[in-house]
Amino acid sequence: MTEPTIAILDFGSQYAQLIARRVREQHVHSRLFAPGVRPAELRAAGVVGIILSGGPASTYDSAAPRLDATILDMGCPVLGICYGLQILAETLGGRVSAGATREFGRARLTIHASDALLAHVPPESNVWMSHGDVVESVSDQFESLASTPACPMAVVRHKMLPIRGAQFHPEVTHTAYGAQIIRNFLYDICRCAGTWRTQDIVRHAIDDIRARVAPDARVICGLSGGVDSSVVAALLHEAVRDRLTCIFVDHGLLRSNEADLVEATFRDHFKTDLHVVDAAERFFARLRGVTDPQEKRRRIGHEFIEVFKAEATRIPNARYLAQGTLYPDVIESGHGHAGTTASIKLHHNVGGLPAELGFELIEPLRDLFKDEVRQMGELLGLPREIVWRHPFPGPGLAVRILGEVNPERCDLLRRADAIVTEEIRSAGWYDKIAQAFAVLLPVATIGVMGDGRTYAGQHVLVLRFVQTTDFMTAEWVHIDPIVLDRISTRVVNEVRGINRVTYDITTKPPATIEWE
């Protein structure tokens, strides 16, 4: 990699890759590293600046991730965020302790001294805090630049070294001038040129695949119909051409017309060797009687592997398996660079395949976010209906059906979900919403249809519409109530078995986007 790089040292933060994404938004290349990375590795990677992420640990705990202090002698500018600030302060002679008052949410930042990091930021603005520990004291080599009512050292600067720290999170959208602060660090402090573009990500991904795949081997790509696996398939098509075989597993948990769209795109448009496996009965048998969300995901993931294993035996020289894992999947499954990220939910395509399958895993999107993947899809020539289709979970409708999953309940949800998509498209809302879907609850409520009472065999449908740029945080969509009314009317009239429609108005966090 010859591109000048910003290193993000991941101390276990849920937002570590979000920092990397914010850097890339400014057209600067970024990479994540383990917290104890050595200076030699950073120099070899062309690092021109270092950002230390937040994290869930306390610096005064013996098991907390540590910083290799010698990187502070490299001469590279350093910015510590939250835990990153605290580990800097402690490493350089300060003290960190549990705060008397915790700060979670918005806080008012007041700037006391000018600095390049805070250029073009007004004297007072809102920032996003998420910490229980505070920097109690710093060495006399530090000075405070800004404070909040509960944090006197919200921004600090070292007097001699190019080291700065912020207790708040500039990487999240809730910090009003966070993007400006990151831009200041990149351009005014690190002197970056801004030459990194999406086409560079595509080029490096293709080059990396070509370098990894042996010239006599085939690559299997698991297609789901969503943008992630489709972009992976398109990358592989560019990299290895006719040595690519795509497998599409119809597990009976798909949206309407999913299989038709996949076949039209990859068999007809890209002329790819596509294997379609009808495995619905196998998956429903595995899910019979299961209600726990994690167990659903585990069983679907296991069966997915078994189906692949059986189909792969029919493909000569298959040595690699590619899949569309994204970074939010990795983070929510607890696979951070620091090894300390909290596990939120299990993703069936995270963690790799069992060694006995004999496949090497290729995950070219593992460090990317959804919007970056969509940009890649456009550059690779994928049709718009795939590139901008709303995300769909790997386990499919199984994690949108609370309680037991069976063909009848899947059919109910599939028909309701199709109505949701039709109505928001016709009303011009589809492209304004990052993700819109329906959830079927195992709850019966009393209803009245005509002159009769409905209860037995009826379900509640929940609509979940969110707006987000990174899928790490999300806000519910304030959609036109007329659209909701049309959806509700059509669902209860056209889908027998649903007699009540509700709307989820919870943000992420505290909720996740999917219900399971």
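A residue counts as buried when its relative accessible area is under 20%, and Phe465, at 0%, is therefore buried in this predicted model. Phe465 makes a good starting point for a tour of the aromatic contacts. Three aromatic pairs are found in the structure. In one of them, Phe465 meets Tyr503 edge-to-face, with 5.5 Å from centre to centre and 75° between the planes. Phe465 belongs to strand E18 (residues 459-467) and Tyr503 to strand E20 (residues 498-503), so this contact ties together parts that are 38 residues apart in sequence. Unlike its buried partner, Tyr503 is partly exposed, at a relative accessible area of 21%. Together with Trp476, Phe465 and Tyr503 make up one aromatic cluster.

A second aromatic contact, also part of the set of three pairs, involves Phe11 and Tyr83. Their ring centres are 5.3 Å apart and the planes meet at 45°, so the pair is tilted. Phe11 sits in the loop between strand E1 (5-9) and helix H1 (16-25), while Tyr83 is in helix H3 (residues 83-91); the two are 72 residues apart, and the pair links distant parts of the chain. Phe11 is buried, with a relative accessible area of 1%, and Tyr83 is likewise buried at 1%.

Aromatic rings also receive charged groups. The charged end of Arg183 is placed over the ring of Tyr187, 4.5 Å from its centre. Arg400 lies over the face of Phe437, with 4.0 Å to the ring centre.

Turning to charged pairs, the whole structure contains 32 salt bridges. One of them joins the side chains of Arg108 and Glu124, at 3.5 Å from N to O. Arg108 lies in strand E5 (residues 95-111) and Glu124 in strand E6 (residues 124-137), so the bridge ties together parts 16 residues apart in sequence. Both ends are partly exposed, Arg108 at 38% and Glu124 at 43%.

Other bridges stay within a helix. Arg415 and Asp411 meet at 3.2 Å, N to O; they are four residues apart in helix H13 (residues 407-426), a separation of about one helical turn. Arg415 is partly exposed at 33%, as is Asp411 at 33%. In helix H14 (residues 481-494), Arg490 and Glu494 are also four residues apart, about one turn of the helix, and their closest N and O atoms are 2.8 Å apart in a salt bridge. Here too the partners are partly exposed, with relative accessibility of 22% for Arg490 and 43% for Glu494. Elsewhere, salt bridges with shared partners connect Arg21, Arg22, Glu25 and Asp371 into one network.

Key. Residues numbered from 1 in each chain as written. Predicted model: local features only at pLDDT ≥ 70, side-chain atom pairs only at ≥ 80, totals over all residues. Heavy atoms only, no water. Salt bridge = Lys/Arg side-chain N within 4 Å of Asp/Glu carboxyl O. Buried < 20%, exposed > 50% of the residue type's maximum accessible area, 1.4 Å probe, protein only. Phe/Tyr/Trp six-rings, centres within 6.5 Å; stacked < 30°, edge-to-face > 60°. Lys NZ or Arg CZ within 6 Å of the ring centre and 35° of its normal.
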